[in-house]
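The following note is offered to a colleague who is meeting this structure for the first time. Please read it with the sequence and the coordinates at hand.

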Amino acid sequence: MAFDTAPNFDLADRTVLVVGGAGYVGSVMVPLLLDAGASVRVLDQFVYDNGFALAPLLDDSRVTLHRGDLRDAEVFARAATGATDVVMLASLVGDPVCKKYPELAQQVNADATKRIVDSLDDLGVARFVFTSTCSNYGIHDAASLADEDSELNPQSLYARTKIEVEEHLLARSASTDASTTVLRIATAYGLSPRMRFDLTVSQFAWEIASGADLLVFDADTWRPYCHIRDIAKAVLTVLTSAPEKVRGEVFNVGDTTQCFTKRMIVEEVCKHVPDAQVSYREGDTDPRNYRVSFAKITERLGFTVDHTVQDYLASLTAAVQAGVFPDVAGNHRYGNYEVQHLDPSA
Ligand SMILES: NC(=O)c1ccc[n+]([C@@H]2O[C@H](COP(=O)([O-])OP(=O)(O)OC[C@H]3O[C@@H](n4cnc5c(N)ncnc54)[C@H](O)[C@@H]3O)[C@@H](O)[C@H]2O)c1
C-alpha cells in the first residue's frame, strides 16, 4: 500500500508504538509506517475481536504485537519501553459506544490516557501523537469554518473525554521532554482490514448498495470527512516534521472541500445505485453540525489529502454490489457495537 503522491517519509531507526493499531485506522497506518522504514509495535486489546486485522503483518520481523489493556500501566510501559514515538489511537471511539459504556469510556479515553501522557518522559518517548476528533466542535455556525482556535462545543461523552486529554496534554506540553501533538480528525471513511460500517459514509453506502431502506436523520447537518490513508499520512507528516513545528500544537486533519451534509452523501451514493430507497426525518438524534478549516496543517506542514468521498463511494458501492461484504448485518466485528475483553472494574 503506497501513498498516491508519495511524500518522502523517512522513519528509519525509529520504533513507533501504535496503541490501537488493530483498529479501523491503525490497521491501515501500520503498513504505511513499515513502508516508511519504521519498526512498529502494536498495543491493542482487540476489543471488537478485531485482531484478525493485523494478520498479514505479523510475519514481518519489524512488527511486535503486545496484546493488552492500555489502562494497565505495566502493560503500557512494557510496550513503550524502547519506542521512540507513540501514536495514540486506542479509545472507545464514537458517541454510541461511549454512551453505552460510560464508565469504561471515562477510564480508557480520559483517565488512563492522561496517565500515559504523564509517563512519557520516564519511558524515554520522544514524540506522542494524540488522535482527537472534529466532533469536539459539536455545533458550530455552519456559515463559518471552525478552526483550531474556535470554541469547543462537545455534544457527547466521547468528545468530552477527548477534550479532557487535549487540555491535559496541552497544559503539560511546554514542560515535557516529549514533543506532543493533538490531531483533531474529521469523520473517517475508507476500506480497512478492520472495516467499520458504523460511520456515516460507509454505513450509507453499504445500506443503500445492499438494497436496504435507509432512514436518514437530520439530513442537512454538515460534517467534514477524511480517508483513513490520509489520516495515516497526517500522522506520518507529524512524526517526520521538525519538532518545533508540531510540539504543543493542535491540527485539524481533513480537507475543506470534503465537508458534506448527509443529504449530499446520499445523493452521491445514489449516482451508483439508481433504485435506492431513502427516506428523511428530522429527529434531532445527532445534533452535531460543523464545517471545518484545514488550512493550518496545509500551511504549516504542507499536508494535503489524496482521497475524496466521491471516489470512495464509487469503490465501496461496487465492492458491496460484488458481494465483498456478505456478512455485515448484525456482525459486531464491523463496528463499535459491543465491547469485549475489557473489564469495567479493572
Ligand atoms: N473513525 C473515525 O471516524 C474517527 C474520526 C476522528 C478521530 N478518530 C480517532 O482515531 C482513533 C482511531 O479510531 P478508529 O476508527 O480506528 O477506532 P477503532 O475502534 O476501530 O480502533 C480502536 C482500537 O483501540 C483498541 N482499544 C480500545 N480500548 C483499548 C484498551 N483499553 N486497551 C487496548 N486497546 C484498546 C481497540 O481494540 C481497537 O483496535 C481514535 O482515537 C479516534 O478517536 C476516529
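The numbered points below take up the ligand, one arginine, the salt bridges and two backbone angles.

1. Status of the model. The structure is a predicted model, and the points that follow should be read with that in mind.

2. The surroundings of the ligand. The shell around the ligand counts 33 residues, and those that come nearest are D44, N50, T131, Y158 and R196. Two or more residues each are given to this shell by β5 (127-133), α5 (157-172) and β8 (187-189). Of the elements, β5 gives the most, with 3 residues.

3. Polar contacts of the ligand. An oxygen atom of the ligand lies 2.8 Å from an N or O atom in the side chain of N50. A polar backbone atom of G23 is 3.3 Å from an oxygen atom of the ligand. On the side of nitrogen, a ligand atom of that element is 2.9 Å from an N or O atom in the side chain of D69. On its own the ligand has 830 Å² of accessible area, and the protein covers 99% of it.

4. A buried arginine without a salt bridge. R41 belongs to strand β2, which spans residues 39-44. The residue is buried, yet R41 has no salt bridge. What is the nearest side chain of opposite charge to R41, and how far away is it? It is D85, at 10 Å, whereas a salt bridge requires the nitrogen and the oxygen to be within 4 Å. A polar atom of the R41 side chain does lie 2.8 Å from the backbone oxygen of A79. Beyond its neighbours within four places in sequence, R41 is in contact with residues including T15, V16, L17 and V18, as well as R78, A79, A80 and T81.

5. Salt bridges between distant parts of the chain. The structure holds 14 salt bridges. One of them joins the side chains of D95 and R288, at 3.6 Å from N to O. Because D95 lies in helix α3 (residues 95-100) and R288 in the loop between β13 (277-281) and β14 (291-292), this pair ties together parts that are 193 residues apart in sequence. D95 counts as buried at 18% relative accessibility, and R288 counts as buried at 11%.

6. A second pair. The side chains of E166 and R184 form a salt bridge of 2.7 Å, N to O. E166 is in helix α5 and R184 in strand β7 (residues 179-185), 18 residues apart. Both E166 and R184 are buried.

7. A salt-bridge network. R300 and E249 meet through their side chains in a salt bridge of 3.5 Å, N to O. R300 is in helix α10 (residues 295-301) and E249 in strand β11 (residues 249-253), with their positions 51 residues apart in sequence. R300 is partly exposed, with a relative accessible area of 44%. Together with K296, these two residues, E249 and R300, are linked in a network of salt bridges.

8. Positive phi angles. Most residues other than glycine have a negative phi. D13, which is not a glycine, has a positive phi of about 70 degrees. D13 lies in the segment before β1 (15-19) and is exposed, with a relative accessible area of 76%. F46 also has a positive phi, near 50 degrees. Is F46, in the loop between β2 and β3 (63-67), buried or exposed? F46 counts as buried, at 11% relative accessibility.

How values were computed. Residues are numbered from 1 along each chain as its sequence is written. This is a predicted model: local features need pLDDT of at least 70, side-chain atom pairs count only at pLDDT 80 or more; totals for chains, interfaces and linings use all residues. Side-chain values use heavy atoms; hydrogens and water are left out. Helices (H or I, at least four residues) and strands (E, at least two) are DSSP runs, numbered from the N terminus. Buried means under 20% relative accessible area, exposed over 50%, partly exposed in between (1.4 Å probe, protein chains only). Lys and Arg count as positive and Asp and Glu as negative; His and the chain ends are not counted. A polar contact is a pair of N or O atoms within 3.5 Å; within protein, one must be able to donate a hydrogen and the other to accept it, and residues adjacent in sequence count only if both atoms are side-chain atoms. Contact means heavy atoms within 4.5 Å. A residue is near a molecule or strand if one of its heavy atoms lies within 4 Å of it. Accessible areas come from the Shrake-Rupley method with a 1.4 Å probe; for residues, only the protein chains shown count as cover.
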